Each structure stands twice: as C-alpha cells, then as structure tokens.
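Visitor: Please put the model up so that we can go through it by question and answer.

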Amino acid sequence: GIVADLSEIYGIEVTEGCRGGKNIELTIASENFWKLKEFRRSMTGRTGCGICGVESLEGAVRPTPRVPFTQTFDLQHYERALNYLHDIEELGRLTGATHAAAWVNVDGSLAGGAEDVGRHVALDKLLGLRAKQGWTEGALVISSRASYEMVQKAAMTGVEIIFAVSAPTALAIEVAQKAGITLAAFCRRGRANVYTHPERLIGLGEQA
C-alpha cells in the first residue's frame, strides 16, 4: 500500500551488505514517502511476513481490496503448474531449505518464478517480477502454506487465483473470501482443497 505501481518508484539501487546480505535503496515519490512514514515499523532492515515490526494488530490487518472476476484456470493444467515449483527451486533441490513462487499462464505454461529461503520473500520476488513483466492473466502457485499476509499481498497486486502446497490459516481463508480470491491449499498431485470462490476453476465439477 505504499506504492501503487512501478511508475511511483523512481530508482532502485542494490549494494553489497554485511555477511553476504544486500542493501536496497528505493527512491520513491514524496507522497509515497509520507505513506511509508505512516506505516512506520519498529524494526529496520528485515524483510518478512508483513506482521514483524508493526506496532498494532490494526496496522497488520489492513483493509484489503476486492479483486475483479476476470480470470479462470483450467484444472487440466493443475499438476503441470505444481511441477514448476520443483523446476524453480534450484537451491531447494540441493538444500531442502527454500520456498518457491510461480506465475502460471492460463494455458498452463510457466511465465516465471522466484526462490528464497523465506516464503514471504519468494512471493515478494515473484510479485515484483510479475509487475515488471506485466503478467496479469494466470494463477499464483506457492510452495508454502497460505498465511493471511501472503493472501493480502496477492490481493493488493490483483492476483485472483492462488494454489498453495501446504495449509491455509483461518484468517487467510477469511481474507481470500472477502477479497474475492480463489484459494486452494493442500495442493498435491490429483487433489486439493478449494476454500473460496471455486467458480474460477474450470473442470472442478468433474474432479471434485
């Protein structure tokens, strides 16, 4: 909720930080800077879940926009979409310690993906890549559980369909319902639990 789109980011500079970390400096519009100050956190420098460092629950659970109904996803591409996570997790295949997020086109092809030791950061990277590349049609696939703040981030960027490999939280289901997002979780080969707005999933009737 600090910047609405890439046009409000004037510059991004990445420099080397301590212990192999990265420093990222953003130049944003002055109006957006005031939004940032209003959303001030008590910790500095950590990426994460969206809760860490906020000073109240009201600051964490913010109003989430309702996404439009413009997307559908044919479940004949479902297992193919899940398999992309393995392809994206190059470090994960070596270490077993990463998460992945993928954007899958409506025809089942892979648009792109991102990997990180943190599930939230993998999602952040993917949503940033999606914004840069202009991907709009398709579905989000994540290798982790679906927590409410991940659903909230997806809603803020207009994602309509989410497939999560692990469990959803109760609050994630509530946010997805209110935001109009199709949320499926416990996604495995041949099965999934669909929690909200199943009408976007083509072929669900035959497979339910």
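The questions below take up a helix, the cysteines, a strand and the cores.

Guide: This is a predicted model, in which local features need pLDDT of at least 70, side-chain atom pairs count only at pLDDT 80 or more, and totals for chains, interfaces and linings use all residues. Residues are numbered from 1 along each chain as its sequence is written, and side-chain values use heavy atoms, with hydrogens and water left out.

Visitor: How far apart are the end C-alpha atoms of helix H5?
Guide: Helices (H or I, at least four residues) and strands (E, at least two) are DSSP runs, numbered from the N terminus. H5 covers residues 119–133, and the expected span is 1.5 Å times one less than the number of residues. For 15 residues that gives 21 Å, so the model agrees with a separation of 21 Å.

Visitor: Which elements are among those covering the buried residues of H5?
Guide: Buried means under 20% relative accessible area, exposed over 50%, and partly exposed in between (1.4 Å probe, protein chains only). The buried residues of H5 include Val121, Leu126, Leu127 and Arg130. Among the elements covering the buried residues are strands S4 (99–104), S5 (110–116) and S6 (139–142), and helix H6 (148–156).

Visitor: How many disulfides does the structure hold?
Guide: A disulfide is counted when two cysteine sulfur atoms lie within 2.5 Å. Cysteine 18 is exposed, at 66% relative accessible area, whereas cysteine 187 is buried at 2%. The number of disulfides is 0.

Visitor: Which residue of S9 stands opposite alanine 185?
Guide: Strands pair if DSSP finds at least two bridges between them. Strand S8 (residues 182–188) has 5 of its 7 residues buried, and 3 parallel bridges join S8 to S7 (residues 161–164). S8 is also joined to S9 (residues 191–196), here by 4 bridges in antiparallel fashion. Opposite alanine 185 is asparagine 193.

Visitor: Which helix gives the most to the largest nonpolar core?
Guide: A nonpolar core is a set of buried Ala, Val, Leu, Ile, Met, Phe, Trp, Tyr and Cys residues joined through side-chain atoms within 4.5 Å. The largest one has 26 residues, with Leu126, Ile142 and Ile162 among those with the most contacts inside it. S4, H5, S6, H6, S7, H7 and S8 each supply at least two residues of this core. With 5 residues, the element giving the most is H6.

Visitor: Which residue of S8 stands opposite isoleucine 162?
Guide: Isoleucine 142 touches Ile162 and Phe163, among others (contact: heavy atoms within 4.5 Å). In the pairing of S7 with S8, the residue opposite isoleucine 162 is leucine 183.

Technical notes
Lists of a residue's contacts leave out its neighbours within four places in sequence.
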